[in-house]
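Morning, everyone. Let me put the structure on the screen, and then we walk through it.

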Amino acid sequence: MKYKEKTASEIIRMIEQDLCSISEICKTFKISRKTFYEWKKSKPEFGEAVEEAIDHREDVMIASARIGLKQLLEGYMQKKEKITYVPDKNDPANDVEKCRVVEKKFCPPSIRAIKYVLDREERKKDKDRLLASERRPLVIEVQDEETRRQLMILKGNGFRSGGSLNPEVVAAVDKKLEEEKKVKSEELKMESEELKVENEKLKNEQDKLQAQPAAAPVEKPKVNLYPFLPPGYTSRTD
């Protein structure tokens with residue numbers, strides 16, 4: 001069948017509205033699935049329109065699913081109408097509405113839907129924790145220098161076995177360890193010098209404190225035990 005813009009527009013509309021599957025659409029327009037995919041490949045505008053229609057259909061379906069899930073989580077009001085018809089007196093061949101009864105019923109939240117949402121959230125948290133643990137660097141604590149050296153050789157060999165047999169890898173590791181020892185030795189030496197200077201300062205301050213003369217005792221004024229006697233008089237006990 002020859003490609004036609006009108007046929008393509010109808011196909012796009014049916015895909016967008018999610019009325020039929022691709023096979024059913026092809027049967028409706030009497031084309032094969034091969035023809036449909038050839039049009040999609042050879043006609044860029046048709047292929048883009050098909051993809052946009054599919055995306056739009058998916059967005060609508062997701063939005064509808066979210067609305068339905070929200071109703072199940074919160075509960076919703078269900079409305080039912082009951083209509084009774086009777087034969088028309090003037091025209092017995094036709095029926096007319098006699099009465100209409102509207103019933104409203106509140107549907108409570110669905111425990112199943114709530115559990116589904118909570119389980120999904122828990123799975124998401126587990127996945128996030130797993131990804132976080134995978135991104136966290138691997139830390140290995142060793143008890144001795146030789147074990148650390150062997151691990152460095154393994155890393156230097158690309159985490160493949162046989163690194164201890166590679167002279168270049170071993171030499172590079174030993175050189176790095178020797179440089180680390182020199183740096184550590186220099187740091188310890190500097191710390192020792194700083195500690196020595198601090199001790200000298202502390203000793204000098206203590207010597208200064210010991211060299212200062214002791215302060216003379218301050219004589220407290222004699223308290224008058226008989227303030228009610230005139231000046232120059234003393235008590236008989238004095």
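Start at Asp-55, in helix α4. Helices here are DSSP runs of H or I with at least four residues, strands are runs of E with at least two, and both are numbered from the N terminus. Asp-55 is partly exposed, at 44% relative accessible area. The cut-offs: buried is under 20%, exposed is over 50%, partly exposed is in between, with a 1.4 Å probe and protein chains only.

A word on the source. This is a predicted model, where local features need pLDDT of at least 70 and side-chain atom pairs count only at pLDDT 80 or more, while totals for chains, interfaces and linings use all residues. Residues are numbered from 1 along each chain as its sequence is written, and side-chain values use heavy atoms, with hydrogens and water left out.

Back to Asp-55. Which residues share its negative patch on the surface? They are Glu-5, Glu-45, Glu-48, Glu-52 and Asp-59. Helix α4, residues 44-74, gives the most, with five residues. Patch members have over 30% relative accessible area and no salt bridge; like charges are joined within 9 Å, nonpolar side chains (Val, Leu, Ile, Met, Phe, Trp, Tyr) within 5 Å. Asp and Glu count as negative, Lys and Arg as positive; His and the chain ends are not counted. Each charge is placed at NZ of Lys, CZ of Arg, CG of Asp or CD of Glu.

Stay on helix α4. Glu-51 lies there too. Its relative accessibility is 36%, so it counts as partly exposed. Glu-51 and Ile-15 are 36 residues apart in sequence, yet 9.5 Å apart in space, C-alpha to C-alpha.

Now salt bridges. How many does the structure hold? The count is 16. The criterion is a side-chain nitrogen of Lys or Arg within 4 Å of a carboxyl oxygen of Asp or Glu. Take Arg-57 with Asp-18, at 3.8 Å, N to O. That pair links distant parts of the chain: Arg-57 is in helix α4, Asp-18 in the loop between α1 (5-16) and α2, 39 residues apart. Arg-57 counts as buried, at 17%. Asp-18 is partly exposed, at 39%.

Next, Glu-97 and Arg-100. Their closest N and O atoms are 2.9 Å apart. Both belong to a salt-bridge network with Lys-79 and Glu-81. Then Asp-128 and Lys-124, at 3.3 Å. These two sit in helix α5 (residues 111-135), four residues apart, about one turn.

On to the nonpolar side. Leu-151, Leu-154 and Phe-159 form a surface patch, with about 280 Å² of accessible area together. Areas come from Shrake-Rupley with a 1.4 Å probe; for residues, only the protein chains shown count as cover. Phe-159 lies in the loop between α6 (145-156) and α7 (167-211). Phe-159 is exposed, at 61%. Its phi is positive, near 60°, and it is not a glycine.

Lys-30 is another non-glycine with positive phi, about 55°. Its loop runs between α2 (22-28) and α3 (33-42). Lys-30 is exposed, at 75% relative accessibility.

Finally, the whole chain. The protein has seven helices and two strands, in the order α-α-α-α-β-β-α-α-α. Buried residues make up 13% of the 238. The protein exposes about 21,000 Å², with 55% from carbon and sulfur atoms. Of contacts (heavy atoms within 4.5 Å) with a separation of 6 or more, 43% join residues 24 or more positions apart.
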